[in-house]
Amino acid sequence: MQKVYTEQTLLGVTNVQNLLAASHIDAKIRNQFAAGGVGEIASIDAWPELWVDYPDVALAKKIISDYQSPNRGSDWLCLCGEKNGTAFASCWACGHDKPTLKSAKVDC
């Protein structure tokens, strides 16, 4: 196994673990309960870590890199005229699905 991600909060590490799970990558969290050791060890050494099996390392790092990219997507405009954030899978105003590469427009 190889460490692919670490950050200060367990919530952040768990979020990345869920992203990897969505791509069928089994990731294990280590140092989940190490915060109690701070003082005896450096605080950064107690941060939770995400580890994956060697065959999945490259794909896991790509997914994490895409997740950390500031340009993870862009806002999209529904044909009803409402601007939706990149995280929205459907228009919050009319409920139609976000256009995909297969469907270039949304009818409202």
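# A tour from the sheet outward

Start by selecting Lys28 together with Trp51: in strand 3, Trp51 is the bridge partner of Lys28. You are looking at a predicted model, so please read each stop below in that light. Stay here and add Ile29, whose bridge partner in strand 3 is Leu50. Both pairs belong to the pairing of strand 2 with strand 3 (residues 49-52), which is antiparallel and runs over 4 bridges.

**Stop 1: the sheet**

Now colour the sheet. In what order do its 3 strands lie? The order is 1-3-2, in an open sheet with antiparallel pairing. The edges are strand 1 (2-6) and strand 2 (27-30), each of which pairs on one side only. Turn the view until you look through the sheet: on average, neighbouring strands are turned by 35° against each other, direction ignored. A reminder while you have the backbone on display: strands of a sheet pair through backbone hydrogen bonds, either parallel or antiparallel.

**Stop 2: the two faces of strand 2**

Show side chains on strand 2. Which residues lie on its covered face, and which on its uncovered one? Ala27 and Ile29 make up the covered face, while Lys28 and Arg30 make up the uncovered one. In a regular strand the side chains alternate between the two faces of the sheet.

**Stop 3: the helices on the sheet**

Select residues 10-22 next. This is helix 1, which lies across strand 1, strand 2 and strand 3 and runs at about 170° to strand 2. Then add helix 2 (residues 57-68), which packs on the sheet and touches strand 1 and strand 3. The direction of helix 2 makes about 10° with that of strand 1.

Keep helix 2 selected on its own for a moment. Its 12 residues reach 16 Å from the first C-alpha to the last, close to the 16 Å expected at 1.5 Å a residue. Which residues of helix 2 are buried? They are Val57, Ala60, Ile63 and Ile64. Look down the axis of helix 2: the buried residues fall within an arc of 130°, so they line one face of the helix. An α-helix has 3.6 residues a turn, so residues three or four places apart point the same way. Bring the surroundings back, and you will find strand 1, helix 1 and strand 3 among what covers these buried residues of helix 2.

**Stop 4: a loop residue**

Move to His24, in the loop between helix 1 and strand 2. Is His24 buried or exposed? With a relative accessibility of 75%, His24 counts as exposed. Draw a distance from its C-alpha to that of Asp56: the two are 32 residues apart along the chain and separated by 9.5 Å.

**Stop 5: two cysteines**

Select Cys78 and Cys94. Cys78 is buried, at 2% relative accessible area, whereas Cys94 is partly exposed at 31%. The count of disulfides is 0.

**Last stop: the whole chain**

Zoom out. The protein chain has 2 helices and 5 strands, and from the N terminus on they run β-α-β-β-α-β-β. Of its 108 residues, 24% are buried. If you display contacts with a separation of 6 or more, 45% of them come from residues 24 or more positions apart.

Terms used. Residues numbered from 1 in each chain as written. Predicted model: local features only at pLDDT ≥ 70, side-chain atom pairs only at ≥ 80, totals over all residues. Heavy atoms only, no water. Disulfide = S-S within 2.5 Å. Buried < 20%, exposed > 50% of the residue type's maximum accessible area, 1.4 Å probe, protein only. Pairing = 2+ DSSP bridges. Axes fitted to C-alpha atoms, helices over the stretch in contact; angles between N-to-C directions. Contact = heavy atoms within 4.5 Å. Expected span 1.5 Å × (residues − 1). Arc of directions from axis to C-beta.
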